[in-house]
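The report below walks through one protein model, moving from a helix to two sheets and then to single residues with notable backbone or side-chain settings. Please read it alongside the structure shown here.

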Amino acid sequence: MTNWHWLGLPPLASAQGGQSDALIGWTHLFMLVLFVGWGGFFVYALIRFRRSRQPVADYTGVKSHTSSYLEVAVAVVEAVLLLGFSIPLWAARVDHAPPANEALLVEVTGEQFAWNIHYAGPDGKFGRTDISLLDLQSNPLGIDRNDPAAKDDVTTVNQLYLPVNKPIIVRLRSKDVIHSFGVPEFRVKQDAIPGLTIPIWFVPNVTTAEMRRRTGNAEFQYEIGCAQLCGLGHARMRGFVTVQSADEFDKWLASKVAESSEPDPFR
Ligand SMILES: [Cu+2]
């Protein structure tokens, strides 16, 4: 099975996610070494200092420095994990976002209990939004359709369509409480915090169709799970991600643009 992982992680479907997997793998490996080391020391101490051998406590204690050296070694291992692996990876994830002109920018706004997805459309410009235009049913993001930049904007609820092998920058927001945008296969998880716009990026590199073939599950879907308990409906706050070829994605976007520019009979 190609998707097997020794820690049981979900199949990887992003170009940058391998670094996270490597970090998770090394951390577990070092922790396993520490666990076995400390466990061995514990068993040694139980036997070495057992009552029949040491009927009376020795007030001077151990004179060798072995334990000090061991503690220094443990601290060094932890420093290597932190300075050698975690901090560089964090810096790479946060500081080295792909250039905006090479990426697809999508705004994702969490609310109780749905994900609102907003694409800028072919003009690449997000239309104006205004809280006074906000309508939970017909206009959950309060987009001003009279703004020329908004004419070709596309919105969906809980359906994130993405082209494969292209860097995606998600601008993450929340309308009410703290939510968390998590797609395990992309190794992405980020809290959405009211009042903040938080950029995250990833490069999906396996289409939904390809993942269905690999997993043998014809109904496989990438899911956006809300990873922060955000209220009574938290468990049903699920979105779906469809990763397509660039052509398929362009066609999908064009069909949505056509849909949204049809005259609205209710206006
Ligand atoms: Cu939520």
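The buried residues of helix H2 pack against helix H1 (17-48), strand S7 (188-192) and strand S8 (198-202), where contact means heavy atoms within 4.5 Å. Helices (H or I, at least four residues) and strands (E, at least two) are DSSP runs, numbered from the N terminus. This is a predicted model, in which local features need pLDDT of at least 70 and side-chain atom pairs count only at pLDDT 80 or more, while totals for chains, interfaces and linings use all residues. Residues are numbered from 1 along each chain as its sequence is written, and side-chain values use heavy atoms, with hydrogens and water left out.

**Helix H2**

Helix H2 comprises 30 residues (66-95) and reaches 42 Å from its first C-alpha to its last, close to the 44 Å expected at 1.5 Å a residue; that expected span is 1.5 Å times one less than the number of residues. A kink of about 30° lies at Ser-86, shortly before the proline Pro-88, the bend being the angle between axes fitted to the seven residues ending at a residue and the seven starting there. The buried residues of H2 are Val-74, Leu-81, Leu-89, Ala-92 and Arg-93, where buried means under 20% relative accessible area, exposed over 50%, and partly exposed in between (1.4 Å probe, protein chains only). In the loop between H1 and H2 sits Val-62, which counts as exposed because its relative accessibility is 61%. Val-62 and Trp-90 are separated by 28 residues in sequence and by 42 Å in space, C-alpha to C-alpha.

**The sheet S3-S2-S1-S5-S8**

One open sheet has five strands in the order S3-S2-S1-S5-S8, with mixed pairing; two strands pair if DSSP finds at least two bridges between them. Strand S3 (154-157) and S8 stand at the edges with a single partner strand each, so one side of each is left without a neighbour in the sheet. From one strand to the next the twist averages 25°, with axes taken as lines fitted to C-alpha atoms (for helices over the stretch in contact) and angles running from 0 to 180 degrees between N-to-C directions. Within this sheet, Leu-104 stands opposite Ile-168 in S5.

Glu-107 lies in strand S1 and, at 7% relative accessibility, counts as buried. Its side chain makes a polar contact of 2.4 Å with the side chain of Arg-171, and a further polar contact of 3.0 Å joins the side chains of Glu-107 and Arg-173. A polar contact is a pair of N or O atoms within 3.5 Å; within protein, one must be able to donate a hydrogen and the other to accept it, and residues adjacent in sequence count only if both atoms are side-chain atoms. Leaving aside its neighbours within four places in sequence, Glu-107 is in contact with residues including Asn-116, Ile-117, His-118 and Phe-126.

**The sheet S4-S10-S9-S6-S7**

A second group of five strands forms an open sheet in the order S4-S10-S9-S6-S7, again with mixed pairing. Strand S4 (159-163) and S7 are the edge strands, each pairing on one side only, and the twist averages 20° from one strand to the next. Along S9 the side chains alternate, with Tyr-222, Ile-224 and Cys-226 pointing to one face and buried, while Glu-223 and Gly-225 point to the other and are not buried. Several bridge partners can be named: Gly-225 in S9 is the partner of Gly-182, Phe-181 stands opposite Cys-226 in S9, and Val-241 in S10 is the partner of Tyr-222.

Three strand pairs from the two sheets are set out here.

| Strand pair | Sense | Bridges |
|---|---|---|
| S1 (residues 104-111) and S5 (residues 168-174) | parallel | seven bridges |
| S6 (residues 179-183) and S9 (residues 222-226) | antiparallel | two bridges |
| S9 and S10 (residues 238-244) | antiparallel | four bridges |

**Backbone details in loops**

A cis peptide bond, with omega about 5°, joins Gln-112 and Phe-113, and Phe-113 lies in the loop between S1 and strand S2 (114-119). Asn-158, in the loop between S3 and S4, has a phi near 65°, a positive value in a residue other than glycine; at 18% relative accessibility Asn-158 counts as buried. Arg-187 likewise has a positive phi, of about 55°, although it is not a glycine. The place of Arg-187 is in the loop between S6 and S7, and with a relative accessible area of 13% Arg-187 is buried.
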